[in-house]
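User: I'm new to this structure and would love a close look at one part of it. Could you walk me through a sheet, strand by strand where you can?

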Amino acid sequence: MATAHTTPRTSGLPASLTPALLARLAARVTAAADAARVTANAPYTGTPLAALPVSTPADVEDAFTRARAAQATWAATPMGERKRIMLRFHDLVLARRDEALDLMQAENGKTRRDAFLEVTDIAITARYYARNAAGLLRPKRRRGAIPLLTRTTELRHPKGVVTVISPWNYPLSMAAGDAVPALMAGNAVVQKPDTQTALTALWALDLMHEAGLPTGVWQMVVGRGSSIGDQLMDNADYMMFTGSTASGRRIARDAGMRLIGASLELGGKNAMIVLDDADIEKAADGAVNACFPSAGQLCVSIERLYVAEAVRERFVAAFVERTKKLKIGAAYDYSIDVGSLTNQSQLDTVTAHVDDAVAKGATVLAGGRARPDLGPLFYEPTVLTDVTPDMTVYDHETFGPVVSVYPFRHVEEAIARANATPYGLNASVWSRDGARGRAVAARVHAGTVNVNEAFAAAWGSIDAPMGGMGDSGLGRRHGADGILKYTEPQTVAHQRIQGFYPPASVSPETWATLLTGALRILKAAGLR
Ligand code: NAP
């Protein structure tokens, strides 16, 4: 059995998470003064974090009423002022990053390196939409119905109040990353972060207020979906949901009944293809970065690895060696490679998937066991081979530090097997030949595909859309799509001098002949 390097168990919370800070964050929840309280446990130790007020359905209704009132003023706030607030938020996130890292580690159990990626992500997102929103949203002249006579303009209006429902796995990225473009587009936001990681989301809200966002424009409620989900849906003008495919289907159904738009960022079973001409050392490093960030609790992480038969032996040896050397543990510094799972349900799923595979004949090349000696929710980074279709791990999302390695003979077989899933979120292709890698990438059924990178190249390309095909979701975040979805397009067409109907002095028949001639001229002139 593989053993990984470990560090001693950490007890207690970092000093930056003072009672005063935690109380200030709790006070940011939209809830009644005498609200019931809920307390999440720190994954590293199982000990309680801060008590947060629980929002009732009435509190959520109240949040929407206030958001709707605040949104009208916010939408009228000049874009330059919105941009200044967002850039101040950017600076504050970087200046206070250690506080954010401590919070994310305490609530989610991830390593400091993984948490730092979220800080980077939010800085990039805030800067991008601060600097680009004006250009993306400004009124745009469109070709008119009749050249020279129709002046047509496309306007973009905010939807109104956007509901954002965000999960626990990337508590800062998922909480603030989707709110930033909604706010820049002039919307108000009512958000329900997952209770496990609500403090991090509230921290982002707190900083946005410090940056100058007016009261009421962005609000957070805390509670179970089963208790306040109806109010979050019934009052929304647009729904931004990130979570499992099963929950996404229910959200899509309810949004459909209300005829509101929804963006759904859902699950995946992401594939990596190592072609026969790949740089094996780099691909092995890449596979470690692809499979184990945030203990595999990353929607774009890799769970299926297809390796060309010609390089399989060398690649597997290099990958397994690196995996066994990973340092697992709990520490509020940069010394650790793999952190804890976040909740018992994740640990149960990971354990069940690996145990089922092993019972049915899979071989464990690294990891394969929980590590209660490190903390209640640790599981070793695990590499499996000899995985067959009857095993759950073959085609079900594990959302943990578990990857299955499969050999392939021909590139066509690799593409077909990578695509043999209802999901289509992210993929990765490795080749020394960039053009070959990109050609294979274009044939993989996934919303983002990285060549010679795991996920960060596509995710970090904030100017390009990111999201899932098939069961991995609907809609996109990032780029123009990531902000335009939060707007209602409106076409204003101003007809001058002459319209489509004939003037009184021209008979309808003559008019038809004239228009037919005009249409022929437009085509001959090469107009689109
Ligand atoms: P989940 O069960 O769907 O829950 C996600 C969050 O949504 C929870 O906070 C949950 O709150 C809330 N929620 C679910 N249904 C709701 C409803 N009808 N109304 C209001 N809130 C509702 O997902 P999970 O298992 O916790 O999260 C992991 C999944 O998220 C994985 O499948 C992962 O791939 C996916 N994910 C996707 C992306 C992406 O960008 N594509 C990113 C991150 C994660 P309650 O628990 O309180 O109900």
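**A walk across the sheet**

Analyst: Happy to! Let's begin with one pair of residues: T363 has T385 in β15 as its bridge partner. Keep in mind as we go that this is a predicted model. The two strands here are β14 and β15 (residues 382–385), which run antiparallel and are joined by 3 bridges.

Now step back to the whole sheet. It is open and has 7 strands, in the order β14-β15-β16-β12-β11-β17-β18, and its pairing is mixed. At the edges are β14 (363–366) and β18, each of which pairs on one side only. From one strand to the next, the twist averages 25°. In general, strands of a sheet pair through backbone hydrogen bonds, either parallel or antiparallel.

Next, go to the edge formed by β18. Strand β17 (residues 426–430) pairs with β18 in the parallel sense, over 4 bridges. Here N426 stands opposite T448 in β18. To get from β17 to β18, the chain passes through helix α16 (residues 434–442), and this β-α-β crossover is right-handed.

Strand β18 (residues 448–451) also shows two faces: T448 and N450 are on the covered one, while V449 and V451 are on the uncovered one. In a regular strand, side chains alternate between the two faces of the sheet.

Finally, look for a helix lying on the sheet. Helix α11 (residues 280–291) lies across β11 (270–274), β12 (302–308), β16 (402–408) and β17. Relative to β11, helix α11 runs at about 175°.

Conventions:
Residues are numbered from 1 along each chain as its sequence is written. This is a predicted model: local features need pLDDT of at least 70, side-chain atom pairs count only at pLDDT 80 or more; totals for chains, interfaces and linings use all residues. Side-chain values use heavy atoms; hydrogens and water are left out. Buried means under 20% relative accessible area, exposed over 50%, partly exposed in between (1.4 Å probe, protein chains only). Two strands pair if DSSP finds at least two bridges between them. A crossover is right-handed if, with the strands pointing away from the viewer, the path from the first strand over the helix to the second runs clockwise. Axes are lines fitted to C-alpha atoms, for helices over the stretch in contact, and angles run from 0 to 180 degrees between N-to-C directions. Contact means heavy atoms within 4.5 Å.
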